[in-house]
Amino acid sequence: MNENLDGMNITDILHHMGEHNLPVNAVAPPIFQNSIFCFDSYDAFHEALMHESEHYIYSRGNNPTVNLCEEKIAALEHTEKAKLVSSGVAAISCAVMAFMKQGDHAVCISSAYSWANYLFRTYLKRFGVETTFVEGSNIEDFEQAIRPNTKVIYLESPATFTFTLQPLREVAELAKKHGIKTVIDNTWATPLFQNPYDMGIDLVVHSASKYLGGNSDIVGGVVCGSKEDITRIFNTEFLMQGQVPDPFMAWLILRNLRTLHLRMPVHYRNALGLAEFLEARDDVENVNYPLLPSFPQYELAKKQMRGGSGLFSFRLKTRDYEKIRRITDRVKFFKLAVSWGGYESLFEPTNLVYKNAADIPEDRMSLIRVHAGLEDLELLKEDLSQALDSVR
Ligand SMILES: *Cc1c(COP(=O)(O)O)cnc(C)c1O
């Protein structure tokens, strides 16, 4: 486990950073639940209005509870700055849109999160931005896709449906050579297990609704990067789009971050344990978990990440729709729900998004996404075992 982040101990970041002079020696930071901040003089008021990103004026811009949360996440990601926003999708859209204008071109991996995919495939198209989609496992995919007007390369490594990785150092090097901004969704690995900024990626986004929140009780997002890039996002997108993070949401992230370094190794151990258990069964076709030695990009995963999180997928040998339904109804400890990143284990057949069983493509029929939570591993194995055995 990486205890030392740039010489700063993770406990320092999570437990002490920015919390030394709290009012009345409170052990937890207060929630600044106010919309406006007051000034002592004309000059102070004027100075703040001239540099909104550096001052407390109005809570659509900065807020002390929100800023403390940003400071800690930036330290975890090894970036100069971070901006908390109202959702992961807001983080993706403001990071990308700050660097795109009419006539520009983008490169996006084909397995990106659904709303990131929509942003490039549909939304940006309305404003004259074209996108080339690439599989992205090899640097050649990116070399062939970039054009003179390419401004953004969008990555998600590992991607949270296929679990495929992109070679981050090589992509960053290529992009820098051509003056292209790189944006990565790092939600899966968390800053504990992967720091893309250290590999040369410009902007790192997270859905804080997953592990940073960690308790399935908030929706939030964050963008991390250089002071210059984050200030640009603040001024050109954030203030105008109004993707305001609620101070209470920021406070819940601050509270839940205190256990990030304790939760993640358990998600890792449980996911790996379940992945190995499933891989050994004769009714399972394959398991997609980047830290499993049989994973095609295992070596790259070990090079880019210090560990893995709780989300993975597996494919059963059967293509029988009724069997998938029956297994789903049989699991007891796994909850049936979307999303992931909380304390709880989840079970989600990927064929659920099709209206009719007849529309389900062959490669989706028996592909199941699992989130390994923090429960006892043996209990989880037994639960999957009895559910899978019920249709043998
Ligand atoms: C959930 C998720 C998002 C979107 O985050 P929200 O907080 O739900 O807006 C983005 N990327 C990935 C990989 C996700 O899993």
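**Backbone, core and ligand site in a predicted two-domain model**

Val-24 is exposed, at a relative accessible area of 83%; exposed here means over 50%, buried means under 20%, and partly exposed is anything in between, worked out with a 1.4 Å probe on protein chains only. This is a predicted model, so local features are taken only at pLDDT of at least 70 and side-chain atom pairs only at pLDDT 80 or more, while totals for chains, interfaces and linings use all residues. Residues are numbered from 1 along each chain as its sequence is written, and side-chain values use heavy atoms, with hydrogens and water left out.

Back to Val-24: it sits in the loop between α1 (10-16) and α2 (42-50), where helices (H or I, at least four residues) and strands (E, at least two) are DSSP runs numbered from the N terminus. Its phi is near 50°, a positive value in a residue other than glycine. His-78 also has a positive phi, of about 65°, and is not a glycine either. His-78 belongs to the loop between α3 (64-77) and β3 (81-85), and with a relative accessible area of 15% it is buried. A further backbone feature is the cis peptide bond from Ser-157 to Pro-158, with omega near -5°; Pro-158 lies in the loop between β6 (150-156) and α7 (168-177). For context, most residues other than glycine have a negative phi, and most peptide bonds are trans.

On the larger scale, the chain is assigned domain 1 (4-257) and domain 2 (260-389), with bounds that come from an automatic or database domain assignment. The contact between them takes 37 residues from domain 1 and 35 residues from domain 2, contact meaning heavy atoms within 4.5 Å. Taken over C-alpha atoms, the centres of domain 1 and domain 2 are 28 Å apart.

What about the inside? The largest nonpolar core has 118 residues, and Tyr-154, Ile-253 and Phe-314 have the most contacts inside it. Both domains feed this core, with at least three residues drawn from each of domain 1 and domain 2. A nonpolar core is a set of buried Ala, Val, Leu, Ile, Met, Phe, Trp, Tyr and Cys residues joined through side-chain atoms within 4.5 Å. Leaving out residues up to four places away in sequence, the partners of Tyr-154 include Ile-92, Val-96, Val-107, Phe-120, Val-183 and Asp-185.

Asp-185 turns up again at the ligand. Of the 13 residues around the ligand, Gly-88, Asp-185, Ser-207, Ser-209 and Lys-210 come nearest; a residue is near if one of its heavy atoms lies within 4 Å. A polar side-chain atom of Asp-185 is 2.6 Å from a ligand nitrogen atom, and a polar side-chain atom of Lys-210 is 2.6 Å from a ligand oxygen atom. Trp-340 joins in too, with an N or O atom of its side chain 3.4 Å from an oxygen atom of the ligand. The ligand taken alone exposes 380 Å², and the protein buries 89% of that; these areas come from the Shrake-Rupley method with a 1.4 Å probe, and for residues only the protein chains shown count as cover.

His-206 is in strand β8 (residues 203-207) and counts as buried because its relative accessibility is 2%. Beyond four places in sequence, His-206 touches residues including Glu-77, Gly-88, Asn-186, Thr-190 and Gly-221.

Gln-243, in the loop between α9 (227-241) and α10 (247-257), is buried as well, at 9% relative accessibility. The side chain of Gln-243 makes a polar contact of 2.4 Å with that of Gln-241. A polar contact is a pair of N or O atoms within 3.5 Å; within protein, one must be able to donate a hydrogen and the other to accept it, and residues adjacent in sequence count only if both atoms are side-chain atoms.

Two glutamates are partly exposed: Glu-130 at 46% relative accessibility and Glu-135 at 39%. Glu-130 lies in strand β5, and its C-alpha atom is 6.6 Å from that of Asp-104, 26 residues apart along the chain. Glu-135 lies in the loop between β5 (130-134) and α6 (139-145), where its side chain makes a polar contact of 2.7 Å with that of Ser-137. Glu-135 and Thr-164 are 29 residues apart in sequence but 8.8 Å apart in space, C-alpha to C-alpha, and the two are in contact.
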